[in-house]
Amino acid sequence: MWSLLQRKTQVTIIVFASVVSTLGLQALWLWLIGEQTNWWKWLSLVVFIVGVLLVAVADLLWFPVARRFPILQRKLFPDLNGEWNGHLFSTWINPENGETPPPIPTTVTIRQSFFSTSIALQTGESRSQSTRTFLEPDYANRRYRVWYSYNNEPQAVYRHRSSPHEGVAYLDLDWDKNRNELLGTYYTARKSTGDMKFERNQFEKACSAVGDNQQFKNRSNRR
């Protein structure tokens, strides 16, 4: 969620936090060595402590709370945490037979916190790990995209025909159509491309449904 803030806002928050933490720690140091300090430095220490606690709480509790109240996900960014199963559909054409490969069974694991997102992709032959991610929400249409760059490491037994490489990909979630489905496309440094389609696994679907049921009950009670 941090990455959704404008760069100017991020810099402002970082500068403010740096100043407050410096003054607060200075007040604590002067108190420890038995010297007096100004009241505003003590106030800075209090603000610093409260800020640290808020950051910790946000990082730990944001998504558990957002699962109970899906409107929070819609207003910022959906909870993509967990395992997604599906296939890769490569556009590469085999020069020997002129055909594209069959769909490749794939598992994607997404780990999301308030401040970061990481994506790992596993097939029968290789594993990819994101190196950088970028969240791109389209609030007007309730569509949410995750862009990411990645490194791909094939297993040693397959490296005679599949070398390690880098790539860029994106995954889309359409909130109104199906919030348990991700569709995307990948582009590799080997000049190959392909499409991706994944569904949230059954356990993750059940967790997501808890929030939907809670929201439905709340609407029914208001009626």
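Okay, let's start with one residue, Ile110. If we skip its neighbours within four places in sequence, Ile110 is in contact with Leu80, Asn81, Gly82, Trp84, Thr117, Ser118, Ile119 and Leu182. Before I go on, keep in mind that this is a predicted model.

So where does Ile110 sit? You'll find Ile110 in strand S2, which covers residues 104–112. And is Ile110 buried or exposed? Ile110 counts as buried because its relative accessible area is 2%, and the cut-off for buried is under 20%. Also have a look at Ala120: this residue is 10 places from Ile110 along the chain, and the two C-alpha atoms are separated by 6.5 Å.

Let's stay with Ala120 for a second. Ala120 stands opposite Gln129 in S4. Strand S3, residues 117–122, and strand S4, residues 126–138, run antiparallel and are joined by 3 bridges. These two strands make a hairpin, with 3 residues between them.

Now, what comes after that? S4 also pairs with strand S5, residues 143–154, and again the sense is antiparallel, this time over 12 bridges. If you want one pair to look for on the screen, take Glu136, whose bridge partner in S5 is Arg145. S4 and S5 form a hairpin too, with 4 residues between the strands, and in this hairpin Arg142 takes a positive phi near 55°.

Okay, let's zoom out to the whole chain. How many helices and strands does the chain have? There are 4 helices and 8 strands. Going along the sequence, you get the pattern α-α-α-β-β-β-β-β-β-β-β-α. Of the 223 residues, 35% count as buried. And if you take contacts between residues at least 6 apart in sequence, 49% of those join residues at least 24 apart.

Last stop, the surface. The accessible surface of the chain is about 14,100 Å², and 59% of that belongs to carbon and sulfur atoms. There's a nonpolar patch on the surface of about 530 Å², made by Val57, Leu60, Leu61, Val65, Phe69 and Ile71. Which helix gives the most to this patch? That's helix H2, residues 39–68, with 4 residues.

Leu60, one of the patch residues, lies in helix H2. Leu60 counts as exposed because its relative accessible area is 64%, and exposed means over 50%. So put the two residues side by side: Ile110 is buried at 2%, while Leu60 is exposed at 64%.

How values were computed:
Residues numbered from 1 in each chain as written. Predicted model: local features only at pLDDT ≥ 70, side-chain atom pairs only at ≥ 80, totals over all residues. Heavy atoms only, no water. Buried < 20%, exposed > 50% of the residue type's maximum accessible area, 1.4 Å probe, protein only. Contact = heavy atoms within 4.5 Å. Areas by Shrake-Rupley, 256 points an atom, 1.4 Å probe, with all protein chains shown as cover. Patch = residues over 30% accessible without salt bridge, like charges linked within 9 Å, V, L, I, M, F, W, Y side chains within 5 Å. Salt bridge = Lys/Arg side-chain N within 4 Å of Asp/Glu carboxyl O. Pairing = 2+ DSSP bridges.
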